[in-house]
Amino acid sequence: MTADANWLDKGNREVLDKMRGEGIDTVWDRLARQEPQCGFGKLGLCCKLCNQGPCRIDPTGHGPQKGVCGADADTIAARNFIRHIAAGSAAHTDHARAVVETLLDVCRGKAGDYEIKEPDKVYMLADVYGLETEGRPIKEIAGELAEETLAEFGRTEGTTTLIARAPKKRREIWKKNNVEPRGIDREITACMSRTHIGVEHDYRELIRQGTRTALADGWGGSMLGTEIQDILFGRPVPVRAEINLGVISSTKVNVVVHGHEPTLSEMIVIAARSPDMLDAAKAAGAEGIQVSGCCCTANELLMRHGVPSAGTFLQQELIIGTGAVEAMVVDIQCIMPAVADTVRHYHTKLISTSRDAHFPGAVHVEFDEHRALEIAKEIVQMAIDNFERRDPSKVYIPDEKTELIAGFSHETMLYMLGGRFRASYRPLNDNIMNGRIRGVAGVVGCNNAKVDGESFHTILVKELIKNDILCVQTGCSAGTCARVGLLKPEMKEFAGPGLREICETVGMPPVLHSGSCVDNSRILIACTGMVNEGGLGEDISDLPVVGLCPEWMSEKAISIGHYFVTSGVYTIFSGGGTLLVQGAGKLSDYLFDGMEKEYGAKWGFEEDPHKVARMVREHIESKREALGINKAAERKLFDMEDRRQLVV
Ligand code: BF8
């Protein structure tokens with residue numbers, strides 16, 4: 001099967017056709033050349049962990065059932081699966097480490113271009129870490145907090161501190177299953193060492209190690225990344241912005257920031273708005289400087305500054321293909337190496353900036369937070385200097401761009417739903433209990449070139465909101481739905497009557513953009529907030545909530561999926577035809593069924609978005625039934641007595 005970009009809108013399609021006319025390869029062409037892809041790999045049945053292999057297990061049962069070392073299908077697939085978790089967790093947590101180090105430098109006076117923008121959050125985290133705050137200057141507290149959080153990564157004793165934020169019952173479940181994460185790096189290393197040939201062979205023990213590693217991501221690295229970024233760059237609040245290739249300017253210098261870490265891109269925004277840079281752009285014949293984003297760096301800037309997003313993962317080559325990008329500035333994660341080939345056909349400079357990510361053919365300007373604004377200006381100046389090399393005969397910028405509202409952090413959700421004087425999850429819980437909102441779906445995930453036809457994300461989200469299920473989105477899933485307009489308040493017209501009523505009252509869209517992929521930790525905090533508010537059970541697994549990851553692609557998605565499941569959220573993946581475990585019978589049975597007994601939640605996989613929507617509805621209704629809130633919906637606010645009776 002070759003998808004051939006059928007999900008693209010007209011403008012993106014036109015740019016793709018133009019690129020093909022110019023003899024440029026894209027992700028869809030390369031996918032076509034890879035077909036047919038390895039059937040053993042798709043089922044998780046290929047092992048290349050030692051040089052007696054590569055080995056394959058025959059899924060028909062007629063060929064080999066053991067690798068050369070004797071590993072069976074379940075051992076092989078479980079090892080592969082938790083190595084994905086380790087890589088995904090490492091990606092998120094290394095991102096977080098860099099942000100924590102920046103906070104430490106800020107507090108030590110070594111990164112003067114940044115400041116502490118959210119003292120409240122410093123106090124909140126200081127409380128979780130048991131730090132003294134009375135009478136101390138904020139930078140001193142934040143400095144100690146940075147040291148403490150930095151210690152999380154290599155912690156040699158005890159557990160990751162932030163798991164204390166989870167509901168009590170969930171922490172007991174983790175303790176009982178012996179999966180409380182120790183130091184973040186410790187768990188990632190254990191994942192790698194236990195999957196080496198000849199170490200751990202019990203698929204359930206392998207998954208247990210994967211669980212610790214994923215929890216160290218969700219309740220450790222990712223959560224730290226989110227919270228410390230809020231401290232440094234500000235807590236997102238609802239903001240109007242635009243998305244799609246049409247945000248690229250025909251008259252301004254275009255700088256596209258792509259990747260995940262906002263540390264440099266925050267400075268690029270400041271640099272691009274500074275009078276000296278604007279003067280330089282005008283002197284170069286441009287009308288100004290247009291910064292836009294791609295992937296999760298886009299989400300970070302979108303949420304905090306309303307900076308437009310030029311596109312999501314699958315659009316990165318098309319963004320360059322407009323022929324109007326002076327510089328694509330990349331940091332880490334989800335940047336296809338192909339972009340280094342694409343820029344060769346245009347005047348675009350690909351500027352790599354991370355000491356961890358190099359692209360042969362790119363210009364490398366290594367970022368250093370001690371000289372953050374200076375480096376940002378250097379990069380913007382490179383883009384300005386490149387403006388005169390733009391070739392008008394190669395430029396095609398489609399009109400398409402769509403408005404969206406982003407910036408629904410967990411704190412903003414409280415404010416939106418509860419109002420200034422009643423900032424709590426009470427109204428959300430009440431509206432779930434009275435049935436206006438049936439439940440909540442966290443819809444996250446990537447784009448995958450293998451997915452054909454209309455985007456899985458958009459079909460699914462439309463069907464969910466129609467059924468009064470509030471959708472909270474992150475990552476490329478949010479971007480994909482934003483592109484078709486689902487993140488506009490006007491979309492309430494497509495919501496069911498209950499959800500529409502709330503959207504009208506509160507003035508919010510039925511689909512909430514909560515940020516980048518590290519911000520999935522915001523969904524964990526929101527779920528915990530709903531539990532703590534009362535009336536919807538005692539644990540996350542009691543909530544009428546699901547996790548969905550359509551079009552999954554990256555290893556980070558597997559780590560996210562696994563920390564969702566083991567935090568008590570039934571999580572359904574889709575896209576690309578596989579979760580890369582389905583060839584291993586016992587392992588699949590455990591992930592898709594057996595885990596529920598231990599964690600109150602399990603994995604799901606389904607390729608038909610309409611079926612996924614049905615599975616979501618059934619799950620949410622069964623949770624409502626168990627909570628005793630599925631009686632005919634009464635239109636009233638529940639008082640304390642009602643709530644006490646409803647607690648299971
Ligand atoms: O971290 S959604 S394609 S950009 S992995 Fe990558 Fe997937 Fe996009 Fe953000 Ni998340």
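In which helix does Phe564 lie? In this predicted model, Phe564 belongs to helix α22, which runs over residues 555-566, and the legends below begin with that residue and then pass to other parts of the chain.

**View 1. Phe564 of helix α22 and its neighbour in space, Leu524.** Phe564, a residue of α22, has a relative accessible area of 3%, and because buried means under 20%, Phe564 counts as buried. Phe564 and Leu524 are separated by 40 residues in sequence, while their C-alpha atoms lie 7.8 Å apart in space. Leu524 is itself one of the buried residues of helix α21.

**View 2. Helix α21, residues 520-533, and the residue that follows it.** At 1.5 Å a residue, the 14 residues of α21 should span 20 Å, and the C-alpha atoms at the two ends are 20 Å apart, so the expected span and the modelled one agree. The helix is mostly covered, with 12 of its 14 residues buried; among them are Asn520, Ser521 and Arg522 as well as Ile523, Ile525, Met530 and Val531. After α21 comes Gly534, which has a positive phi near 95 degrees.

**View 3. The ligand and the residues around it.** The shell is made up of His260, Cys295, Cys296, Phe313, Cys334, Gly445, Cys446, Cys476, Cys517, Met553, Ser554 and Lys556. By residue class, the shell divides into 8 nonpolar, 3 polar and 1 charged. Two side chains of the shell are singled out here for their distances to ligand oxygen: a polar side-chain atom of His260 lies 2.6 Å from an oxygen atom of the ligand, and a polar side-chain atom of Lys556 lies 2.9 Å from an oxygen atom of the ligand. Domain 3 (239-394) and domain 4 (421-630 + 642-646) each contribute at least three residues to the shell.

**View 4. The division of the protein chain into domains.** The chain is divided into domain 1 (33-65), domain 2 (73-233), domain 3 (239-394) and domain 4, the last of which is assigned as 421-630 + 642-646. Between the C-alpha centres of domain 1 and domain 3 the distance is 40 Å.

**View 5. Aromatic pairs, with Tyr203 and Tyr590 in close-up.** The structure contains 7 aromatic pairs. One of them, formed by Tyr203 and Tyr590, is edge-to-face, with 6.3 Å from centre to centre and 70 degrees between the planes. This pair links distant parts of the chain, since Tyr203 is in helix α9 (residues 203-233) and Tyr590 in helix α23 (residues 585-599), 387 residues apart. Tyr203 is buried, with a relative accessible area of 16%, and Tyr590, at 7% relative accessibility, counts as buried too. Elsewhere in the model, ring pairs join Phe81, Trp552, Phe573 and Trp603 into a cluster.

**View 6. Two cis peptide bonds that precede prolines.** The peptide bond that joins Glu35 and Pro36 is cis, with omega at about -5 degrees, and Pro36 is placed in the loop between α2 (27-34) and α3 (39-42). Gly53 and Pro54 are likewise joined by a cis peptide bond, for which omega is about 0 degrees; here the proline, Pro54, is found in the loop between β1 (46-47) and β2 (55-56).

**View 7. Asp468 and Leu580, two non-glycine residues with positive phi.** Asp468 has a positive phi of about 60 degrees although it is not a glycine, and its place is the loop between α18 (456-466) and β12 (469-473). With 11% relative accessibility, Asp468 counts as buried. Leu580, also not a glycine, has a positive phi of about 70 degrees and lies in the loop between β15 (570-573) and α23. Leu580 has a relative accessible area of 22% and is therefore partly exposed.

**View 8. Ser409, a buried loop residue, and its distance from Ile76.** Ser409 is located in the loop between β10 (402-406) and α16 (410-418). Although it is a loop residue, Ser409 is buried, with a relative accessible area of 0%. Ser409 and Ile76 are 333 residues apart in sequence, and in space they are 39 Å apart from C-alpha to C-alpha.

Note on methods. Residues numbered from 1 in each chain as written. Predicted model: local features only at pLDDT ≥ 70, side-chain atom pairs only at ≥ 80, totals over all residues. Heavy atoms only, no water. Near = heavy atom within 4 Å. Polar contact = N/O pair within 3.5 Å; in protein donor to acceptor, adjacent residues only side chain to side chain. Nonpolar A, V, L, I, M, F, W, Y, C, P; charged D, E, K, R; others polar. Domains from an automatic or database assignment. Helix = DSSP H or I, 4+ residues; strand = E, 2+ residues; numbered from the N terminus. Expected span 1.5 Å × (residues − 1). Buried < 20%, exposed > 50% of the residue type's maximum accessible area, 1.4 Å probe, protein only. Phe/Tyr/Trp six-rings, centres within 6.5 Å; stacked < 30°, edge-to-face > 60°.
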